[in-house]
Amino acid sequence: MSHLTYENPLISRYASKEMSQIWSAQKKHSTWRRLWVALAESQHEMGLPVTREQVESLRSAIDDIDFELAAKAEKDLRHDVMAHVHTYGERCPDAKAIIHLGATSCFVTDNSELVMIRESLEQVRKRLVAVIDQLAKFAAEYRDLPCLGFTHLQPAQPTTVGKRATLWCYDLILDLEEIEYRIEKLRFRGVKGTTGTQATFLQLFKGDHEKVDELDRRVTEKMGFKDRYAVTGQTYSRKVDAQVLSALSGIGQSAHKAGNDVRILQNRKELEEPFEKNQIGSSAMAYKRNPMRSERMCSLARFAISLTANAEDTAATQWMERTLDDSANRRLSLPQSFLAIDAVLILYRNIVDGMVVYPKVIEKHLNEELPFMATEEFLMAGVEAGGDRQDLHERIRVHSQAAGAEVKVRGGQNDLIERLQKDPAFAGCDLASALDARKYIGRAPEQVDAFIAEIVDPVRQRYQADLDQSVEDLKV
């Protein structure tokens with residue numbers, strides 16, 4: 001690393017080595033060469049003047065790239081693809097004449113990007129499944145721990161810590177479905193020629209349309225794709241990029257929502273993200289335990305969300321069969337979207353894996369609000385004791401307002417129970433029994449159980465091999 005030039009922090013600080021390698025120059029240009037080999041091999045098999053020896057010569061040098069020579073050639077030619085054609089030809093002089101035969105630049109640029117997008121989506125899927133698994137474990141552990149619910153960020157009917165975690169988890173399940181769909185629907189650009197008409201290949205095969213289509217099919221299969229896009233211009237539709245980045249944005253949205261929740265709950269001291277023994281929370285305030293992982297996750301998630309607009313704008317502004325104003329933008333937006341989401345999911349799993357819950361604080365906060373939430377129980381108890389429902393309702397309303405003022409105006413404790421117990425209308429009523437929080441969590445524990453059994457466990461079964469590998473990753 002040079003300390004005199006800018007380094008992308010997505011590479012140097014946040015994303016994984018695996019994702020960084022997918023978008024590396026070595027991976028990109030080795031994939032270009034794999035494409036040239038697949039094209040040459042298919043042309044040889046179909047009778048064009050390409051020899052087996054030329055194909056094998058190209059194959060032997062797929063990873064042996066002279067990047068300095070390529071850079072020098074690009075500076076002279078002002079064309080990155082032709083620079084690498086010449087560099088490959090210098091390495092394989094016996095095959096130089098047939099490299100890139102009939103192809104346009106987008107044969108290697110677009111098809112290689114589709115290869116890298118697919119591998120990146122598979123890497124995202126692997127990380128996504130690991131976070132889902134970890135969240136489900138957390139939800140199961142705290143399935144029946146009552147906690148204060150919130151609507152409008154105001155105290156609301158109790159839920160459980162585990163049930164809240166299923167909300168975070170289900171967002172990721174929906175994201176996983178979208179990622180799976182994008183992997184399934186991703187196709188190969190294939191061998192389509194300069195403007196997508198395959199005219200040069202039709203010329204090479206002397207007007208034989210079936211052979212042109214067969215060449216397209218063979219190269220597609222050799223590169224590991226089941227299907228090709230039915231029609232393209234010079235490029236595959238940039239709508240594909242917009243759809244992929246939208247799926248990544250969805251993960252960012254889910255992670256940001258959960259990260260915000262964790263930050264709020266850590267402020268309330270109900271739970272806490274991992275905090276290492278020697279970690280410093282603040283350079284000035286030595287006591288601080290800041291939720292820096294959640295903050296970083298939210299920060300990177302917002303960055304990934306913002307990149308979606310680049311792909312949407314690019315798709316909308318393409319002209320006719322293509323325009324090159326997509327190129328510089330995509331060099332940034334495609335890899336950085338994947339790198340950012342990769343980092344987000346690494347952080348997310350780390351947060352959940354080491355999350356600390358403080359049941360006593362949760363209970364304290366819940367008990368502070370529970371008397372207000374139990375007022376309907378108080379009302380029914382008073383009616384059962386022979387009271388008038390409307391009169392009792394008014395008394396509870398007045399006492400609740402007074403108890404609220406005690407808390408908010410005078411800074412005291414919620415004394416609603418004491419006020420009601422002193423009211424003759426509630427004499428003989430067992431009001432204390434109404435303050436069992438478990439009476440108000442409904443089916444939250446059962447919902448956690450059903451969610452894990454019906455939604456999460458099938459995901460675990462589908463991707464058990466990835467989960468086994470992710471356990472090994474944690475040990476490193």
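1. In this predicted model, Phe451 counts as buried, at 11% relative accessibility. Its partner is Tyr170, and the two rings form an aromatic pair of the edge-to-face kind, with 5.8 Å from centre to centre and 85° between the planes. The pair links distant parts of the chain, since Tyr170 belongs to helix α8 while Phe451 belongs to helix α18 (residues 444-462), and the two are 281 residues apart. The two partners should be described separately where burial is concerned: Tyr170 is partly exposed, with a relative accessible area of 39%, whereas Phe451 is buried.

2. The count of aromatic pairs under the rule applied here comes to seven. Another of interest joins Trp36 and Tyr88, whose ring centres are 5.9 Å apart and whose planes stand at 40°, so this pair is classed as tilted. Because Trp36 lies in helix α3 (residues 25-45) and Tyr88 in helix α6 (residues 80-91), the pair ties together parts of the chain that are 52 residues apart in sequence. Trp36 is buried, with a relative accessible area of 2%, and Tyr88 also counts as buried, at 0% relative accessibility. A description that includes Trp32 would be fuller, as ring pairs link Trp32, Trp36 and Tyr88 into a cluster.

3. The packing of helix α7 (residues 105-141) against helix α8 (residues 161-185) deserves its own paragraph, as their axes come within 9 Å and cross at roughly 160°. An angle over 145 degrees counts as roughly antiparallel, and α7 is therefore roughly antiparallel to α8. The crossing in which α7 passes α8 is left-handed. Sorted by class, the residues in the contact of α7 with α8 are 19 nonpolar, two polar and five charged. Helix α8 is also the element that holds Tyr170, the ring paired with Phe451 of α18.

4. Helix α7 has a further neighbour to report, helix α11 (residues 239-267), with axes that come within 12 Å and cross at roughly 15°. Angles under 35 degrees count as roughly parallel, and α7 and α11 are therefore roughly parallel to each other. Here too the handedness can be stated, for α7 passes α11 in a left-handed crossing. One residue of α11 to examine is Leu248, which counts as buried at 2% relative accessibility. Leu248 and Phe338 are 90 residues apart in sequence, yet their C-alpha atoms are 7.3 Å apart in space.

5. On the cysteines, which question does the model settle: how many disulfides does a search of the whole structure find? The search finds zero. For Cys147 the geometry gives the reason, because the closest cysteine sulfur, in Cys169, is 16 Å from the sulfur of Cys147, too far for a bond when the cut-off for a disulfide is 2.5 Å. Cys147 is buried, with a relative accessible area of 0%. Cys106 likewise counts as buried, at 3% relative accessibility.

6. A loop position that merits a remark is Ala374, which is found between α14 (359-373) and α15 (375-384). Is this loop residue buried or exposed? Ala374 is buried, with a relative accessible area of 0%. The C-alpha atoms of Ala374 and Ala437 are separated by 9.1 Å, although the two residues are 63 residues apart along the chain.

7. Two lysines should be checked for their backbone angles. Most residues other than glycine have a negative phi. Lys206, however, has a phi near 50°, a positive value in a residue other than glycine, and Lys269 has a positive phi near 65°. Lys206 is found in the loop between α9 (199-204) and α10 (209-222), where it is exposed, with a relative accessible area of 76%. Lys269 is found in the loop between α11 and β3 (271-272), and it too is exposed, with a relative accessible area of 56%.

Terms used: Residues are numbered from 1 along each chain as its sequence is written. This is a predicted model: local features need pLDDT of at least 70, side-chain atom pairs count only at pLDDT 80 or more; totals for chains, interfaces and linings use all residues. Side-chain values use heavy atoms; hydrogens and water are left out. Axes are lines fitted to C-alpha atoms, for helices over the stretch in contact, and angles run from 0 to 180 degrees between N-to-C directions. Helices (H or I, at least four residues) and strands (E, at least two) are DSSP runs, numbered from the N terminus. Angles under 35 degrees count as roughly parallel, over 145 as roughly antiparallel, 65 to 115 as roughly perpendicular and the rest as oblique. A crossing is left-handed if the near helix is turned anticlockwise from the far one by less than a right angle, and right-handed if clockwise. Ala, Val, Leu, Ile, Met, Phe, Trp, Tyr, Cys and Pro count as nonpolar, Asp, Glu, Lys and Arg as charged, and the others, Gly among them, as polar. Buried means under 20% relative accessible area, exposed over 50%, partly exposed in between (1.4 Å probe, protein chains only). Rings of Phe, Tyr and Trp (its six-membered ring) pair if their centres lie within 6.5 Å; planes under 30 degrees apart count as stacked, over 60 as edge-to-face and the rest as tilted.
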